[in-house]
Amino acid sequence: LAADGHGLITWVAVRQGSSTEVRGRLLATNGRPTGRDFLISERVFDRGLGVTTLGDGDFAVATSEASPGQAIVARHISADGAIGQPLLLADTSPGQSLVAVQITAAENDGALLTWARSLGTFPLLQSSVEARGLKLP
């Protein structure tokens with residue numbers, strides 16, 4: 001929730017064919033949904049996602065997405081629901097996975113993202129934690 005009480009809720013939806021997408025909906029200061037839900041990402045790999053409120057009342061969402069491999073991607077979502085261009089933060093080599101993405105707001109509309117890079121099929125074996133700071137446009 002933003003300081004004035006408006007917010008963004010997000011969820012992972014499974015579509016037919018077992019592909020997944022991240023959707024969102026804005027909340028008014030009284031907690032009631034405003035407008036319709038909207039698509040944030042349609043290429044989700046790991047169902048975990050990170051969401052944070054920025055200092056200006058906008059939001060940032062980070063996901064682990066399927067691309068040719070996998071990628072950690074952040075998106076700036078304004079208080080009116082406009083979605084900024086995705087920012088690619090990390091990608092994988094064959095046989096790796098990027099999971100457990102988290103995002104935390106920092107000063108001046110910046111953010112800190114963390115995720116685990118795992119080798120092999122079980123995400124907690126042979127994994128390392130990585131982080132990157134960024135400024136969202």
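The legends below accompany close-up views of a predicted model.

**Figure 1. Overall composition of the protein chain.** The secondary structure comprises zero helices and 10 strands, and the pattern read along the sequence is β-β-β-β-β-β-β-β-β-β. The chain has 137 residues, of which 42% are buried. Among contacts with a separation of 6 or more, 35% are between residues 24 or more positions apart. The exposed surface of the chain amounts to about 7,400 Å², with carbon and sulfur atoms supplying 53% of it.

**Figure 2. Strand β2 and its pairing with β1 and β3.** Strand β1 (residues 7–14) and β2 run antiparallel and are joined by eight bridges. Within this pairing, V12 of the chain stands opposite V22 in β2. β2 also pairs with β3 in the antiparallel sense, here over five bridges, and L27 has P33 in β3 as its bridge partner. The strands β2 and β3 form a hairpin with five residues between them. In the turn of this hairpin, G31 has a positive phi of about 90°. β2 is mostly covered, since seven of its eight residues are buried.

**Figure 3. The salt-bridge network around R23.** Side chains of opposite charge can pair when their charged atoms come close. The count of salt bridges in the model comes to three. R23 forms a salt bridge with E21, and the closest N and O atoms are 3.2 Å apart. Both of these residues, R23 and E21, are buried. The side chain of R23 also meets that of D37 in a salt bridge, at 2.5 Å from N to O. This pair links distant parts of the chain, with R23 in strand β2 (residues 20–27) and D37 in strand β3 (residues 33–41), 14 residues apart. R23 has a relative accessible area of 18% and is therefore buried under the 20% limit. D37, at 30% relative accessibility, counts as partly exposed.

**Figure 4. The salt bridge between E65 and R75.** E65 forms a salt bridge with R75, the closest N and O atoms lying 2.6 Å apart. Because E65 lies in strand β5 and R75 in strand β6, the pair ties together parts that are 10 residues apart in sequence. E65 is buried, at 1% relative accessibility, and R75 is buried as well, with a relative accessible area of 8%. Elsewhere, salt bridges that share partners join E21, R23 and D37 into one network.

**Figure 5. The nonpolar cores.** The largest nonpolar core has 15 residues, and those with the most contacts inside it are I72, L113, W115 and L134. At least two residues of this core are supplied by each of β5 (59–66), β6, β7, β8 (96–106) and β9 (110–119). Apart from this core lies another, of 10 residues, among them L26, F38, I40 and I77. L134, with neighbours within four places in sequence left aside, is in contact with A74, L87, L89, G110, A111 and L113.

**Figure 6. The surroundings of I77.** I77 is found in strand β6, and at 0% relative accessibility I77 counts as buried. Leaving aside neighbours within four places in sequence, the residues in contact with I77 are L8, F38, I40, D58, F59, V61, A82 and I83. One of these contacts, L8, is 69 residues from I77 in sequence, with a C-alpha to C-alpha distance of 9.1 Å. I77 is also among the residues of the core of 10 residues.

**Figure 7. H76 and S78 beside D58.** H76 has its place in strand β6 and is buried, with a relative accessible area of 16%. The side chains of H76 and D58 are joined by a polar contact of 3.0 Å. S78 is in the loop between β6 (70–77) and β7 (87–91). With a relative accessible area of 15%, S78 is buried. Not counting residues up to four places away in sequence, S78 touches L26, D58 and F59. D58 thus takes part in the polar contact with H76 and is touched by S78.

Key
Residues numbered from 1 in each chain as written. Predicted model: local features only at pLDDT ≥ 70, side-chain atom pairs only at ≥ 80, totals over all residues. Heavy atoms only, no water. Helix = DSSP H or I, 4+ residues; strand = E, 2+ residues; numbered from the N terminus. Buried < 20%, exposed > 50% of the residue type's maximum accessible area, 1.4 Å probe, protein only. Contact = heavy atoms within 4.5 Å. Polar contact = N/O pair within 3.5 Å; in protein donor to acceptor, adjacent residues only side chain to side chain. Core = buried A, V, L, I, M, F, W, Y, C linked by side-chain atoms within 4.5 Å. Salt bridge = Lys/Arg side-chain N within 4 Å of Asp/Glu carboxyl O. Areas by Shrake-Rupley, 256 points an atom, 1.4 Å probe, with all protein chains shown as cover. Pairing = 2+ DSSP bridges.
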